[in-house]
Amino acid sequence: MPTPVESLAAVGLAIQRSSVQTLGWKTIKAPKPLLVAVSKTKPVDLILDGYSIGQRDFGENYVQELIEKAHDAKILEHCKDIQWHFIGHLQSNKINKIVNLPNLYMIETVHNAKLAENLNKAWEKVKADKPDSSKLNVLIQINTSGEDEKNGTNPAEAVNLYRFVTEKCPNLNCHGVMTIGRFGHDYSTGPNPDFIELMKCHADICSTFEKDPEEVQVSMGMSDDFVQAIEMGSTIVRVGSSIFGARAKKTEA
């Protein structure tokens, strides 16, 4: 069985290859997507291993686990440039616990205006205490599959939520869109409909706000389908089990 370091290198190579498209005689290299190594339920030592070979972006799903890891003495000492992405469901009553974490880089799961507004207010207080703080990076989460158990705004509301964040939340920097999507798509039947739907949302946002498509990030694709996601236009992939191995299910306390 490969080590996490070997797996991380293999995933990185697959991402690099996926970002190269061959069109007839011409090869076009797209910008390399950002790899977020999803370390939920995994020990700190595996994060240190990944960081030691250059991985900087790590994703966590659970607030309490992220709090513990962000404050871990070994990570604070050896991973000074780590960038934490929160990729789980964030409840409003836990916002204050997360916004003050060291090296918090992005909240990828802003699924409605209320959460955005509360994050904006909380980050305003952070900036008051730390005047050199920049805006908080966020993505808006779209429920592309329409599943009740998935969070995210309806695709039809993607433009409105993007507008709310960019126009009403001056302390947030909305980088783009993300989806989790339905698990287990059979690619022999064609492209993933969730990826198609998210790219439609991306196109609508770019058209409405006259944005260069490269300016609006797309976070989609996980261990089973990150290559297909990149081929569809993803610029951020969230990969866990392909790097760190299968994980046990955990319930947020």
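How many salt bridges does the structure hold? There are 5 salt bridges in this predicted model, and three of them are worth a walk-through here.

| Salt bridge | Closest N to O distance |
|---|---|
| K74 and D45 | 2.8 Å |
| K69 and E60 | 2.9 Å |
| K69 and E65 | 2.7 Å |

Let's start at the top of the table. K74 pairs with D45 through a salt bridge, with 2.8 Å between the closest N and O atoms. This pair ties together distant parts of the chain: K74 belongs to helix α4 (residues 73-78), D45 to helix α2 (residues 44-52), and 29 residues separate them. Are these two buried or exposed? Neither label fits, because K74 has a relative accessibility of 38% and so counts as partly exposed, while D45 is partly exposed too, at 42%.

Now for K69, which shows up twice in the table. The side chain of K69 meets that of E65 in a salt bridge, at 2.7 Å from N to O. Both residues sit in helix α3 (residues 63-70), and because they are 4 residues apart there, about one helical turn separates them. K69 and E65 are both buried. Shared partners turn these pairings into one network that takes in E60, E65 and K69. On the E60 side, the K69 salt bridge comes in at 2.9 Å, N to O, and again both residues are buried. As background, side chains of opposite charge can pair when their charged atoms come close.

Another lysine to look at is K40. An unreviewed UniProt entry lists K40 as "modified residue: N6-(pyridoxal phosphate)lysine". In the model, K40 sits in the loop between β3 (34-38) and α2. K40 has 16% relative accessibility, so it counts as buried, the cut-off being under 20%.

On to the nonpolar side of things. The largest nonpolar core has 59 residues, and the members touching the most others are L90, I107, L119 and I140. Helix α6 (residues 113-129) is the top contributor to this core, giving 6 residues. Which residues does I107 contact, leaving aside its neighbours within four places in sequence? I107 is in contact with F86, L90, I98, L119, L136, N137, V138 and L139. Another core, of 5 residues, lies apart from the largest one, and includes V36, M106, L139 and M178. More broadly, nonpolar side chains tend to be buried together in soluble globular proteins.

Key. Residues numbered from 1 in each chain as written. Predicted model: local features only at pLDDT ≥ 70, side-chain atom pairs only at ≥ 80, totals over all residues. Heavy atoms only, no water. Salt bridge = Lys/Arg side-chain N within 4 Å of Asp/Glu carboxyl O. Helix = DSSP H or I, 4+ residues; strand = E, 2+ residues; numbered from the N terminus. Buried < 20%, exposed > 50% of the residue type's maximum accessible area, 1.4 Å probe, protein only. UniProt positions renumbered as here; feature names shortened; annotations may be inferred. Core = buried A, V, L, I, M, F, W, Y, C linked by side-chain atoms within 4.5 Å. Contact = heavy atoms within 4.5 Å.
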